[in-house]
Each structure stands twice: as C-alpha cells, then as structure tokens.
Amino acid sequence: APAPQVPAGRGSGGPAREVVRRAWTQVRRGWRRAIALWRRSLQLRVVTTTTTFSLLAILLLGNVLVTQVRDGLLEDRRQASLAEASTGLRTAQEAFDSADRSEPGVYDTLVPDLVRQLARGGGSEGTKDVVLLRGPDINSPQAPLGRSSSGAEITALDTLRPQVENKSTQLWTYAAVQRDSGERVPVIVVGAPVQIPGIGAY
C-alpha cells in the first residue's frame, strides 16, 4: 500500500520553523529599512548622535558628582572624628592631671568611667569605641586599662599603636571592625598619646 502523504507544513517542527522564519524575515526587513533611513536622513543621524553623546555626558557627570559628594562626606566625617578625638584627649589629660593621687586606686575608678564618658560624648551611643592602652614603658600588670565596649575587634590598633608611640602625636587610619554578629563595619581609627601622672604614657 502507498505510504500516507504528510500535509505541507505538518511534520516535525513545521509550524514552529515557519513562525521563526517569518519573524526572522521581518527582523531583517526592519533592520534594512533602519539602515537605509539612517543613510538617507542627515537629520536622523544628527539627532541620534547628539542624543547618544548627551546621555554619555549625563552618565559621566552623574558619576563625577556622586564621587565628589561621597568623598566630601567622607572628608567631613574624618575631620569631625579628628576634632572629637582631640577634644576627648584634652578632657582625658585634664582628668588625669586633676585626679587626687593620694586616694588609693583613684585611676582604677577614673579610667573606666572616663572612657565610657568619652564614648558617649559627641555622637549616638554605640558609634564610638574608646580604648586606653598601656605604653611600651609600662610593665606593671596593675596599671589601669580601659575600653568602652568589647563588641568589636579593632585590628588596626596593632598598626597604629606603634606609630603613635614613635611620633607622640595624633594619627589616624581607615579600617574595618567586625561586630559580634560577624558584620564588618568601616571606621576611622584615631590614636594619640596621653600621660597618667605617676604611671606613664598611654
């Protein structure tokens, strides 16, 4: 018996192929028309080129403005942090100089109270951490230490501390601290020397 005839367009993938072929034909026709219009129309070329360059200029200008605003905010914050640190240093030195050293253990109470006070001043609670570290010439384990919070590990102290000890001036650096939650937070770390009478440099 003769084999059955398959209608035209029916077979494996017939209708799908036809749809794709027609769509591709329309795309090619549209592309050729656009190219022809581009070549014939000077006005279209001028408008398209001007619009493209205008968009590029806007994108570049926007990126420059965002960068300038970010850098300006960062510089403002850095200057504010240095000013706060200088004020806190003067406050700490005045408190140490005026402490009654005839009272036993006066610094054992003064140091923790002072670092908590400095951490609360000049900003929202939790935005600053104040640390008082012994200088290289202080060997007594009974010499006071102070820190306003233990919620973050400040690894930048290991680098900044010897620089402050050597230069005996206020220094700063950008760093990141890791909270107990694991979150890493960008910070500005400021260090400066202070003297505790009768004990030594911190």
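How many aromatic pairs does a search of the whole structure find? The search finds two. The model on screen is predicted, and this tour visits both pairs, then the nonpolar cores and a surface patch.

**Stop 1: the first aromatic pair**

Select phenylalanine 96 and tyrosine 107. Their ring centres are 6.1 Å apart and their planes meet at 75°; an angle over 60 degrees counts as edge-to-face, so this pair is edge-to-face. Now colour the helices. Phenylalanine 96 belongs to helix 2 and tyrosine 107 to helix 3, so the pair ties together parts that are 11 residues apart in sequence.

Are these two residues buried or exposed? Phenylalanine 96 has a relative accessible area of 2%, so it is buried. Tyrosine 107 is buried as well, with a value of 7%. The cut-off for buried is under 20%.

**Stop 2: the second aromatic pair**

Move to tryptophan 172 and tyrosine 174. This aromatic pair is also edge-to-face, with 5.0 Å from centre to centre and 75° between the planes. Tryptophan 172 has a relative accessible area of 32%, which makes it partly exposed. Tyrosine 174 is partly exposed too, at 38%.

**Stop 3: the largest nonpolar core**

Go back to Phe96 and Tyr107 and add Val111, Leu114, Leu132, Ile196 and Tyr202. The largest nonpolar core has 18 residues, and these seven touch the most other members. Helix 2 (42-98) and helix 3 (106-120) are the elements that give two or more residues to this core. Which helix gives the most? Helix 3 does, with seven residues.

Keep valine 111 selected and show what surrounds it. Apart from neighbours within four places in sequence, valine 111 is in contact with Phe96, Leu132, Pro144, Leu145, Gly146 and Ile196.

**Stop 4: the second core**

Next, select Val164, Leu171, Ala175 and Val189. These are among the six residues of a second core, which is separate from the one at the previous stop.

**Stop 5: a patch on the surface**

Finally, turn on the surface and select Phe53, Leu56 and Leu59. Together they form a nonpolar patch on the surface, with about 340 Å² of accessible area. Leucine 59 sits in helix 2, the helix that also holds phenylalanine 96. Why does leucine 59 count as exposed? Its relative accessible area is 61%, and exposed means over 50%. To end, compare two residues of helix 2 in the viewer: leucine 59 is exposed, whereas phenylalanine 96 is buried.

Terms used:
Residues are numbered from 1 along each chain as its sequence is written. This is a predicted model: local features need pLDDT of at least 70, side-chain atom pairs count only at pLDDT 80 or more; totals for chains, interfaces and linings use all residues. Side-chain values use heavy atoms; hydrogens and water are left out. A nonpolar core is a set of buried Ala, Val, Leu, Ile, Met, Phe, Trp, Tyr and Cys residues joined through side-chain atoms within 4.5 Å. Buried means under 20% relative accessible area, exposed over 50%, partly exposed in between (1.4 Å probe, protein chains only). Helices (H or I, at least four residues) and strands (E, at least two) are DSSP runs, numbered from the N terminus. Contact means heavy atoms within 4.5 Å. Patches are made of residues with over 30% relative accessible area and no salt bridge: like charges are joined within 9 Å, nonpolar side chains (Val, Leu, Ile, Met, Phe, Trp, Tyr) within 5 Å. Accessible areas come from the Shrake-Rupley method with a 1.4 Å probe; for residues, only the protein chains shown count as cover. A salt bridge is a side-chain nitrogen of Lys or Arg within 4 Å of a carboxyl oxygen of Asp or Glu. Rings of Phe, Tyr and Trp (its six-membered ring) pair if their centres lie within 6.5 Å; planes under 30 degrees apart count as stacked, over 60 as edge-to-face and the rest as tilted.
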